[in-house]
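Trainee: I am new to this structure and would like a close look at a single part of it, the sheet, and then at how the helices around the rest of the chain come together. Could you take me through it slowly?

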Amino acid sequence: MEQGAARERATEAPSVRCGDPAPGPYAPGGGAGPARVPEQARGEHTHGESPLSGDGPRTVRRHSVRGQILDALRTALVAGELRPGEVYSAPALGERFGVSATPVREAMQRLAVEGAVEVVPNRGFRVVVRTARELAELAEVRALIEVPVMLRLARTVPAARWAALRPFAEATGAAAARGDRAHYAETDRAFHREVLALAGNEQLLVIADDLHRRSQWPLLSAPVLRHADLVADAAEHSALLDALVAQDLPVVESLVREHFTGANG
């Protein structure tokens, strides 16, 4: 009983590092207890599996193990460490993150619901291969939703309220200056959430954030993102705030539409 309690404490809140060297070859095992997911979603077969790429570690701190893993996997996805078309097993990723396979499976199931991965029976989860057309369609849908909201906010929100959002725009600029694409993706979503939150519509925030996240998943054959492009993309946040303060509706609309098709949306 004491050993079981110790194992339970050990898996409560580990520090998850995405990109750390794997402790060993990707092999089945490493799971503790049955996974609470459908039988076909269990990725036990690891033959021919591609390694998780990436350089520096990224530490995610949250109380929920599954939440830590989900955040780490999302970061790896945006950073290109989880490659489109490749299959990753829950036990292998669990070894890399230093946790059991169970929270990895649960996090991957969440990503499957979001459309980032798909279940490969008896193997694991394949990162979905996206096309340029899908990205363009996402940009179109986002524009249909967000442009009217932004224009309404430009007409009704006092300038002082926009000033409070400057730190969020500056955070995107700092991430872009470092060339940190994954952190830029997080700060970019945070900026858009803060802007749209002024509309007072919770459902809008949920839908817009989901579309935004999907637009940040990399393409299979995407060109290497230039540092200058990321910096220019971040600068559009400050320019948008300037236009909102000035109630310059044509510029607001132009900036929002262009931003959706930029470096990281």
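**The sheet and the helices**

Mentor: In this predicted model, three strands form an open sheet in the order S3-S5-S4, and their pairing is antiparallel. Strand S3 (87-88) and strand S4 (117-120) are the edge strands, and because each has a single partner strand, one side of each is left without a neighbour in the sheet. S3 is joined by two bridges to strand S5 (residues 124-127), and these two strands run antiparallel; within the sheet, Tyr 88 stands opposite Phe 125 in S5. Helix H4 (residues 101-114) packs on this sheet, where H4 touches S3, S4 and S5, and the direction of H4 makes about 120 degrees with that of S4.

Turning from the sheet to the helices, the largest nonpolar core has 26 residues, and those with the most contacts inside it are Trp 162, Leu 240 and Val 252. Two or more residues of this core come from each of helix H5 (132-156), helix H8 (181-197), helix H9 (202-215), helix H10 (227-246) and helix H11 (249-260), and H5 gives the most, with eight residues. If residues up to four places away in sequence are not counted, Trp 162 touches Leu 153, Ala 154, Val 157, Val 195, Leu 198, Leu 241, Leu 244 and Val 245. A second, separate core has 23 residues, among them Val 65, Leu 70, Ala 90 and Val 99.

Helix H9 also holds Leu 204, which counts as buried because its relative accessibility is 12%, under the 20% cut-off. Leu 204 touches Ile 145, Val 149, Leu 196 and Ala 199, again not counting residues up to four places away in sequence. Of these contacts, Ile 145 is 59 residues apart from Leu 204 in sequence, while their C-alpha atoms are 8.4 Å apart in space.

Finally, H10 also packs with helix H7 (residues 166-178), at an angle of about 170 degrees and with the axes 8 Å apart. Since angles over 145 degrees count as roughly antiparallel, H7 and H10 are therefore roughly antiparallel to each other. On the H7 side the contact includes Arg 166, Ala 169, Thr 172 and Gly 173, and on the H10 side it includes His 227, Leu 230, Val 231 and Leu 241. By class, the contact of H7 with H10 has seven nonpolar, five polar and three charged residues, and Leu 241 of H10, which takes part in this contact, is also one of the residues that Trp 162 touches.

Notes:
Residues are numbered from 1 along each chain as its sequence is written. This is a predicted model: local features need pLDDT of at least 70, side-chain atom pairs count only at pLDDT 80 or more; totals for chains, interfaces and linings use all residues. Side-chain values use heavy atoms; hydrogens and water are left out. A nonpolar core is a set of buried Ala, Val, Leu, Ile, Met, Phe, Trp, Tyr and Cys residues joined through side-chain atoms within 4.5 Å. Buried means under 20% relative accessible area, exposed over 50%, partly exposed in between (1.4 Å probe, protein chains only). Helices (H or I, at least four residues) and strands (E, at least two) are DSSP runs, numbered from the N terminus. Contact means heavy atoms within 4.5 Å. Axes are lines fitted to C-alpha atoms, for helices over the stretch in contact, and angles run from 0 to 180 degrees between N-to-C directions. Angles under 35 degrees count as roughly parallel, over 145 as roughly antiparallel, 65 to 115 as roughly perpendicular and the rest as oblique. Ala, Val, Leu, Ile, Met, Phe, Trp, Tyr, Cys and Pro count as nonpolar, Asp, Glu, Lys and Arg as charged, and the others, Gly among them, as polar. Two strands pair if DSSP finds at least two bridges between them.
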